[in-house]
Amino acid sequence: MARMKFTSRAVVLPLAALYFLVPIGASVWFSVNEVEGISFDAYTQGLGTEGLTTSLMLSVRLGLATIVCGLLLMVPTLVAVALYLPGLRRTVEILCMMPLVVPPIALVAGVTTVLSWEQDLADTPFYMTFQMLRDENFPLVLVLVYTVMSLPFLYRSLDAGLRAVDLRTLVEAARSLGASRLQTLWQVIVPNLRTAVVGGAVLSLAMVLGEYTVASVLSYRPFSVWMVEIKDSEAQLSVAAAMLSLLITWGLLLLLTTLAGGRSRRRTPLNSGSEKRESRDNRKKTVS
Amino acid sequence: MTVSVHLKNLRREFGSTVALDGLDLDIAPGELVALLGPSGCGKTTALRIVAGFETADGGELLMDGEDVTSVPANRRDIGMVFQSYSLFPNMTAAENIAYGLRVRGRGTAERKTRAGELLELVGLPGREGHYPHQLSGGQQQRVALARALAISPKVLLLDEPLSALDAKVRLTLREEIRRIQLELGITTVFVTHDQEEALSMADRVAVMKDGRLEQCAAPGELYDRPATPFVAEFVGTMNRLPGTVQDGGVVELFGRRLPIHGERPAVGAEVDVLLRPEGLAVGAADDGAGAPATVRVATFLGATTRLHLTTDSGAACKADLPSWEATALAPGARCMITPHENPVLVAERAGAPSLKV
């Protein structure tokens, strides 16, 4: 058994590492390799190129807005379904999983059609709504589409989180103590879903930062679109930017997971003598 | 503040299942009433209606004479302790206890003082900073009790709070709960399926069956004078022995005529006589009176010994004897059994067509 574990470690881990590291290494090499030797120009000068900061900031803002919209929609919905409408659980699950099977290109075709109604609504107040949705600086329409596309990630992670807590009892305990529904949600449920919320948020953010199809078809220029656009003129810069985006994504993931871990560190069990008996009791409880 | 609670003709149906079928129950201020019954009898539904987590399809719920049937759970001023561990995992013991006060907008200082007082009351001083996962099951339920009491509720509801704990902790905690309840004089409703728990803690025990109240009485009365055969058999151990109803409201059992308590079937009816194991006298085989029987098993229980007997007519029964009297009655021994002459309940004979009363 131990030997098998050793073999798997010795073989699988290096293989997996190669699979991930070779492309990254090759990209880094490509971005610094010049005719006259190694140069970090793509990183030092290229990153000042017009459009990079704007597109990167747009992507991050879109990502954060998507997370906020997605969570505002999904947390109350899933809590309500779990508590009051358990019969709808399956339906909600299927609905939330739909974006996985609908290709983004099909999704964006629908969105384009809807946006084309703008002409017909020119005389109505809805015209302004469409203008707002399409705002170049912050296209809300992308936030809406990304929110839909993030539903599977949010659903999976929140569903797992909700199953892990005794939701009904926690809600009833809070209600009997006088908490309103909003207080119960905000002070009792959300803090206990912290890990699930962060997990879903991380996945959604990663999805938004890498999304190309929808943004490109709708002619917006977030980071991914910008990277592809400059590829022809500034190939090295494009790859350098890709490396940078990788680092940014990792940085954000690290930040979010640290935020989620904050509580568990605070909750490290105390180790005074009187605790020993309790932990034994706890074990007994778990066994029974 | 102690209030009375009145459940009036409460009805609740879940689809085709009738959970409560016109439940009436009056609880006096400061009283501890246990709702006891087999699973599915509606006791938890009744408690949840009092808490406001379920709405009754019909009937009324009065607290201190005021109709609270449509008041939402968070405005009923009720403290509840749940069966499963219900402490908020993201809060310390003190934060859990003070949560009700926080929701009511009380200041930090007041919350801290109150949490300290209550931890003292439930025997966990100094545990303010502990998180639920750092507490044992028994300690968690103590904190849950403290949390329920922190808001000085009008009524305390306990939904099988001890059932997840091991036997020893259960025993200490039930005494603690009773002590605290008496100390605060708070009206309390306690749901349990454990009759020992109900009989040992409650001022009165309400036995429920199929969504209805069978009997609500003090533990002693419930045991000695059960109102219905169901209560008789549900509370404590009961023998069913074949008897015949005779003139004058008596039933004949093993040659003795015993007065019938409660419903009297028609004369001549073949019935089962309900007798507690201590209601049977066991004598030597040559006594002459009673029914001849054979000892099958003798279980030593300390002060008493329980004999499992089979009469020569084939009826099986249990009898409790002081252990010193039971020494001669080893398995296989012959003896005579006679019922003590106390009023007895009779029930339709098991497996027989229904009786005409």
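**Chain B, helix 3 against helix 4**

I began with the residues that join helix 3 of chain B to helix 4 of chain B, and found Arg114(B), Leu118(B), Leu119(B) and Leu121(B) on the helix 3 side meeting Ala146(B), Leu149(B) and Ala150(B) on the helix 4 side. Sorted by class, this contact holds six nonpolar residues, no polar ones and one charged residue. I note here that the model is a predicted one, and I read every entry below with that in mind.

For the geometry, I looked up the axes of helix 3 (residues 108–121) and helix 4 of chain B, which come within 9 Å and cross at roughly 130°. Helix 3 of chain B and helix 4 of chain B are therefore oblique to each other, and helix 3 of chain B passes helix 4 of chain B in a right-handed crossing.

**Chain B, helix 2 against helix 4**

I then turned to helix 2 (residues 93–103) of chain B, which packs with helix 4 (residues 137–150) of chain B at an angle of about 25°, their axes being 7 Å apart. The two helices are therefore roughly parallel to each other, and I recorded the crossing of helix 2 of chain B with helix 4 of chain B as right-handed.

From helix 2 of chain B the contact takes Ala93(B), Asn96(B), Ile97(B), Ala98(B), Tyr99(B), Gly100(B) and Leu101(B), and from helix 4 of chain B it takes Val143(B), Ala146(B), Arg147(B) and Ala150(B). I counted the classes as eight nonpolar, two polar and one charged. Ala146(B) and Ala150(B) are listed in the contact with helix 2 of chain B and also in the contact with helix 3 of chain B.

**Chain B, domains**

The domain assignment that I consulted for chain B gives domain 1 as 5–230 and domain 2 as 239–348. Taken over C-alpha atoms, the centres of domain 1 and domain 2 of chain B are separated by 40 Å. The contact takes four residues from domain 1 of chain B and five residues from domain 2 of chain B. On the domain 1 side of chain B, I found three nonpolar residues, no polar ones and one charged residue touching domain 2 of chain B.

**Chain A, annotated regions**

In chain A, I looked up the unreviewed UniProt entry, whose annotation "domain: ABC transmembrane type-1" covers residues 56–256. Over residues 56–256 of chain A the chain is 81% helix and 0% strand, with the end C-alpha atoms 19 Å apart.

The unreviewed entry also annotates "transmembrane region" at residues 62–85, 97–117, 137–155, 196–215 and 235–257 of chain A, and I checked two of these stretches against the model. Residues 62–85 of chain A are 96% helix and 0% strand, with 32 Å between the end C-alpha atoms, while residues 235–257 of chain A are 100% helix and 0% strand, with 33 Å between the end C-alpha atoms.

**Chain A, helix 7 against helix 10**

My last entry concerns helix 7 (residues 140–164) and helix 10 (residues 194–210) of chain A, whose axes come within 8 Å and cross at roughly 155°. That crossing angle makes helix 7 of chain A roughly antiparallel to helix 10 of chain A, and the crossing is right-handed.

Among the helix 7 residues of chain A that meet helix 10 of chain A, I noted Tyr146(A), Met149(A), Phe153(A) and Gly161(A), and the helix 10 side includes Gly199(A), Gly200(A), Leu203(A) and Met207(A). The residues of this contact between helix 7 and helix 10 of chain A divide into ten nonpolar, seven polar and no charged.

How values were computed:
Residues are numbered from 1 along each chain as its sequence is written. Chains are lettered from A and ligands numbered from 1 in the order in which they are written. This is a predicted model: local features need pLDDT of at least 70, side-chain atom pairs count only at pLDDT 80 or more; totals for chains, interfaces and linings use all residues. UniProt positions are given in the numbering used here, feature names are shortened, and annotations may be inferred rather than shown by experiment. Helices (H or I, at least four residues) and strands (E, at least two) are DSSP runs, numbered from the N terminus. Axes are lines fitted to C-alpha atoms, for helices over the stretch in contact, and angles run from 0 to 180 degrees between N-to-C directions. Angles under 35 degrees count as roughly parallel, over 145 as roughly antiparallel, 65 to 115 as roughly perpendicular and the rest as oblique. A crossing is left-handed if the near helix is turned anticlockwise from the far one by less than a right angle, and right-handed if clockwise. Two residues are in contact if their C-beta atoms, placed from the backbone, lie within 7 Å. Ala, Val, Leu, Ile, Met, Phe, Trp, Tyr, Cys and Pro count as nonpolar, Asp, Glu, Lys and Arg as charged, and the others, Gly among them, as polar. Domain bounds come from an automatic or database domain assignment.
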